[in-house]
Structure formats: structure tokens, C-alpha cells
Amino acid sequence: MGYDVSTGAAYAVLYTVLSLFTVVAIVSAGYCGKGQLLKKLGCILLPKSTVGEDGEEVHTDTADFFLAARNSASAKTIALSFFASSMGAWVVYAPTELGANPELSWIAVIGYAVASASPAVLVFFMGPSIRKITGEKAFSTTDFGLVRYGRLIQLCIAIMSVFYMFIYMVAELTAISNIFGLVCNIDTFDSTTIRYTTSIAVSVAVFTWFYTSIAGLPGSLVTDKFQAWVMFLLIFILLLVACTNPANQLTREEFAVASNWTADGGMAAVTLIIAVNCAEIFNQATWQRVWAAKDVPAMRKGFAWGSFSVFLLMMFFGIMGMISFALDPENYLVFNKFYYLAFFDLLAPLSQFWHIVVLIVCTALAASTVDSVQTAIASVVSSDFIRYGVPDKWATLITRVLLVVINIPAVIMSSKRFDVLGLFLVADLVCATAVLPVFFGLITKDIGFIPAPTELGAFLGIWSGIGSVLINGKVIGFTQAVNPITGQVIATGPWSYFWLTNSYQCALCGSTTMVTFIITPLVAGFFTLVFSKIDIMLRGERARKPIFLMAQPEEEAKNYNLVAKDEQELVEEDNEKEEITKEEDNSLEKATIEVA
């Protein structure tokens with residue numbers, strides 16, 4: 001490949017871009033003032049109202065605003081932030097790999113685009129209900145688990161969320177490290193180059209940690225906006241330059257070789273749509289924006305536009321992969337070229353200047369995702385400190401220390417150079433075991449014979465989902481996970497099936513993986529309802545209360561028993577009706593007297 005950017009130039013690009021984002025974050029934190037110009041430029045986020053529901057003044061220098069940016073983001077901010085935080089450096093690998101594979105092609109590319117865009121659609125519909133149940137002081141869906149179920153499910157959601165977001169961070173740091181190695185013509189399969197690629201991961205982790213520690217979620221939202229505009233502009237330019245380059249010209253007949261509609265592509269699409277949605281629904285970086293939005297209309301409009309933008313970008317990279325394969329199908333079919341590097345094959349004929357532009361785009365992609373994940377993990381862990389009355393100074397300090405603790409193992413794991421798509425599939429399958437048990441919690445009243453899930457029922461439903469994965473692996477005789485490219489044994493034993501190394505075609509290909517992703521959430525959801533029904537039959541109304549009654553802050557305890565809350569609402573409605581009836585009777589009596 002024709003990449004020869006020097007490591008010195010690559011470092012210069014990396015540190016320049018990250019430094020610019022750091023400056024933007026510092027400005028957003030108010031260290032350069034809060035003048036009208038900065039507000040108009042979108043560099044400063046302020047809450048919709050300076051007075052809260054309780055009549056007290058809302059301050060932006062609190063730990064609450066640091067972690068939640070509560071009621072401060074417009075629809076445009078939400079849209080750009082969702083786009084930037086969702087589209088990490090992994091997008092130059094994953095969708096292009098599917099597009100460049102002629103056995104997957106169009107259906108897989110469209111499926112991946114739909115899968116990546118649809119979590120925002122789910123939040124569009126579910127967000128208002130979640131926000132209503134948890135109230136305006138929540139931080140993420142861990143609070144939904146706390147209010148709707150109890151401490152046990154809150155802990156389950158926190159574990160699933162942190163696990164998925166940690167894997168996301170590892171995948172992102174792995175991707176950006178490999179991209180810099182590739183553009184600098186460094187063999188990322190050679191163990192002697194680990195020091196260089198690890199230095200890239202460390203740089204991204206340290207810079208993003210530094211500016212999110214200073215500015216929190218408001219800083220992440222503001223930098224996301226700038227990162228999104230940088231990505232839009234440079235990707236559009238790259239599209240024009242790459243497609244007008246004489247070396248990349250195609251005839252309709254040549255493109256037809258890569259343009260296929262296959263059953264394998266259909267199975268990959270189904271797998272992706274289920275897998276990505278199961279996992280992304282636990283991505284608290286997305287849910288943070290539900291409470292950061294100024295109001296529900298702004299939240300919905302922002303997620304709608306963000307979803308559309310994500311769909312277009314995923315389609316762009318997928319089609320670039322198809323074009324790359326069509327230009328040189330022979331070398332791809334004999335593995336002289338690799339599907340996952342198809343985007344870089346397409347840009348290889350361009351001059352060094354455009355290769356540097358690629359580094360700028362990928363750095364923006366990586367930073368936008370890593371900083372969002374860092375603030376999301378911090379909110380999951382630190383929100384309870386605020387509720388327990390820990391002073392803001394200590395709450396923010398604890399948050400910064402926790403981010404350091406999280407970043408260190410993420411960098412270490414990224415140096416292992418795991419397959420990015422494979423890492424995501426592990427996290428996706430783990431989350432698939434819990435998605436329906438958790439979000440069936442939106443059912444707050446019994447619907448005929450279908451019970452409103454109990455905390456114990458949801459917990460046992462999650463374990464049923466885990467059991468279905470292990471049984472699935474046992475049935476097909478799966479004993480060890482092996483990397484299909486290197487032949488390396490990743491894991492052995494029954495738990496190794498979570499790696500889903502079922503196909504040598506691609507990480508998510510084949511009917512076995514697709515069936516696993518269909519069965520797992522359905523089993524978990526079914527047994528959640530079954531165990532909840534049994535739980536209510538055995539324990540009565542006590543089953544609808546949290547398992548650990550004393551394990552939550554007193555302030556939150558009153559929100560637990562949704563049945564009691566519903567009954568209270570009915571009583572209030574009856575009282576209102578009685579008052580209206582009395583007023584009508586009094587008015588009728590007065591009218592009768594006047595007539596008489």
C-alpha cells in the first residue's frame with residue numbers, strides 16, 4: 001500500500017488535533033469567561049432555566065452539572081453529539097469489511113447502517129418514558145433500574161454498561177493505534193511495533209481523560225459538536241478526492257462484481273441489527289443525552305437527526321468498501337488484500353497530504369467516542385456519591401480517579417490487538433442476555449396474564465439468557481474460541497462460546513451466530529415474565545418491591561413501589577373528580593336558587 005507518512009508527522013497530527021479539542025473543552029468549562037460570543041458559537045452550555053423545579057437557582061459549577069449537563073443541550077447539540085460519539089475510528093474498518101466482502105455486500109452494509117442508526121430511534125421512543133419514570137434528577141438507565149426495580153438490577157445494569165463501554169473503549173484505542181501504524185507503514189502484526197501503537201493509545205486516552213476531567217459532560221458535548229463538523233467536512237472532501245482520482249474509476253460492469261444481494265449478507269444483517277441494539281441500549285453515553293437535552297422535543301429531534309447522520313456515514317464507508325473490492329477483486333479473493341483494510345486501499349493512490357487528512361479524521365473519530373465513553377462510565381459510578389451527599393469537590397475528584405483506573409487496563413488490552421469486530425460481538429452477546437429483562441421494566445402494570453416484571457424475575461431472566469448462551473455452545477459442540485485469521489486460541493471451555501468464533505468468513509457471519517442472537521434475548525425475556533409471575537404468586541405484593549429494601553437512599557425509596565405510586569395517582573384522580581363534582585353541584589344549586 002502507498003502509505004509513507006513518517007511517525008514524526010503522525011505524532012504531530014495526533015497531538016495537534018487532541019490539543020485543539022482540549023482547548024475547546026477548557027473554553028466550554030468557562031475558564032476563558034462566559035461571554036455572549038462564546039455562547040453564540042456554542043462553546044458554553046447553559047441549562048434551559050436558571051431556576052429548578054424546586055425554585056432553587058441552578059448552578060453550572062456543581063458535580064451534578066459536571067456529570068449530567070442537565071437540560072442544557074439543544075436538538076442540534078444532541079444530534080451532533082450522538083453522531084460524533086457513536087462513530088468512532090472503528091467505522092473505517094467494520095462497514096468497509098462488509099462492503100468489500102462480495103458474499104455479504106449490499107444487504108450486510110444496509111443492515112449495519114440500520115443497526116448503527118436504530119439505537120437512537122429506540123431512545124426516541126423510550127427516552128420520554130424512561131425520563132418520566134426516573135425523574136429529572138437521573139443520570140442514566142442505572143437510575144431507571146434503581147427506581148423501577150431496586151439495587152440488584154441497578155447493579156446488573158451498571159455491570160453490563162461498564163463492561164460494554166469498557167470494551168468499546170478498548171476497541172476504539174485498538175482501532176486508532178492500528179490506523180496510525182498502517183498510515184505510517186508499520187506492520188501491526190509484528191510484536192516489535194507494539195510500543196509505537198501503544199503510545200498512540202496512551203496519547204488518546206490521556207488527552208481525553210484530561211479534558212473530560214476538566215469539563216465533564218458539558219465539555220464532551222461541546223467537543224462532540226466540533227468533532228462532528230470536522231468529520232462532516234473532511235469526509236466529504238475525501239469522498240470527492242477519492243472518487244475523482246483516475247486510479248479509482250470504475251465501469252458499471254466492474255462495480256457489478258462487488259454489488260451482490262446474498263443470503264449470507266441477510267444473516268449478517270439480522271445478526272447486526274439484534275446485536276448492536278442489544279448492546280447500544282446499555283451505552284450510557286447515549287442515555288446521558290436524554291437528561292442533557294433541554295426538553296423532550298429537543299431530545300427527540302436531536303436523536304432523529306443523529307440517527308439519520310449515522311445511517312448515511314455507515315452507508316458511505318460500506319460503499320467505499322464495495323468500490324475498493326471492485327477495483328481489484330483478484331487480490332482480495334486470494335487474500336493479498338484484506339477486506340477490513342478496503343477503505344485504506346481506496347485512499348492509497350492519493351498523495352501524502354490526503355493521508356494526513358485521514359489521520360485527522362480518524363483522530364477526531366476516536367477522541368469523540370473515547371471522551372463520551374469516559375464521561376458515561378464516570379456518571380454510572382459517581383452518581384450515587386452525589387445522592388449520598390458527598391461534597392461536589394470530592395465527587396468530581398473521585399470521578400477523575402475512577403477514569404484513570406478505567407483507562408489503564410483499556411490501554412493495556414488495546415496493546416493485545418484483538419479483532420475490533422470480535423470484541424464488539426462479545427460485549428453484544430453479554431448485553432443480549434439482559435436487554436429484555438431490564439427494559440420490560442417499562443411495563444409497570446399487569447397486562448392480563450402478563451405481569452409487570454419484578455426485580456427477582458428480571459434477575460433470574462438475565463441468568464436464563466446467560467444459560468441459553470452456554471447451552472447453545474454445548475449443543476453445537478463448541479469447546480474453544482480460535483482466531484480465524486491467526487489460529488490463536490483465545491479461550492477454552494463453555495464460556496468461550498461468548499467469543500462467537502463460528503465462521504471463518506467473518507466474525508458475525510453464519511446462521512449459528514444469527515440464531516444465537518435471536519434465541520438469547522427471547523429466552524431471557526420469556527423467563528423474566530415466567531419468574532415474575534411465579535414470584536408474585538409466591539410472595540404476593542412483596543414481590544413488587546425491591547429485594548433489598550434498606551439498600552437505597554431514603555430519598556429514592558419512595559419511588560420504588562410503582563404499584564403504590566399508581567394507587568396514589570388513582571386516589572388523587574378520584575379526589576379531583578370528587579372536587580369537580582362538588583363544584584358542579586354547587587353551581588347547579590346556585591343557578592336553581594337564582595331562577596327561583
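In the predicted model, the largest nonpolar core comprises 166 residues, and those with the most contacts inside it are Trp90, Val92, Phe282, Phe344 and Phe439. Helix H8, spanning residues 151–183, supplies the largest share of this core, with 20 residues. A second core, separate from the former, consists of 6 residues, among them Leu67, Ala68, Ala378 and Leu403. The surroundings of Trp90 can be described in detail: when residues up to four places away in sequence are not counted, Trp90 touches Pro95, Tyr112, Ser116, Tyr168, Glu172, Ala175, Met314, Val420 and Phe424.

Helix H21 covers residues 511–539 and thus has 29 residues; from its first C-alpha to its last, this helix reaches 41 Å, which is close to the 42 Å expected at 1.5 Å a residue. The buried positions of H21 are Thr513, Met514, Thr516, Phe517, Thr520, Pro521, Ala524, Gly525, Thr528, Ser532, Asp535 and Ile536. In an α-helix, residues three or four places apart point the same way, because there are 3.6 residues a turn. The buried residues of H21 pack against four helices, namely H11 (263–280), H18 (420–432), H19 (435–439) and H20 (455–475). After H21 comes Gly540, for which phi is positive, near 65°.

With regard to cysteines, the structure contains 0 disulfides. Cys156 has a relative accessibility of 13% and Cys184 a relative accessible area of 9%; because buried means under 20% relative accessible area, Cys156 counts as buried, and Cys184 is likewise buried.

Key
Residues numbered from 1 in each chain as written. Predicted model: local features only at pLDDT ≥ 70, side-chain atom pairs only at ≥ 80, totals over all residues. Heavy atoms only, no water. Disulfide = S-S within 2.5 Å. Buried < 20%, exposed > 50% of the residue type's maximum accessible area, 1.4 Å probe, protein only. Helix = DSSP H or I, 4+ residues; strand = E, 2+ residues; numbered from the N terminus. Expected span 1.5 Å × (residues − 1). Contact = heavy atoms within 4.5 Å. Core = buried A, V, L, I, M, F, W, Y, C linked by side-chain atoms within 4.5 Å.
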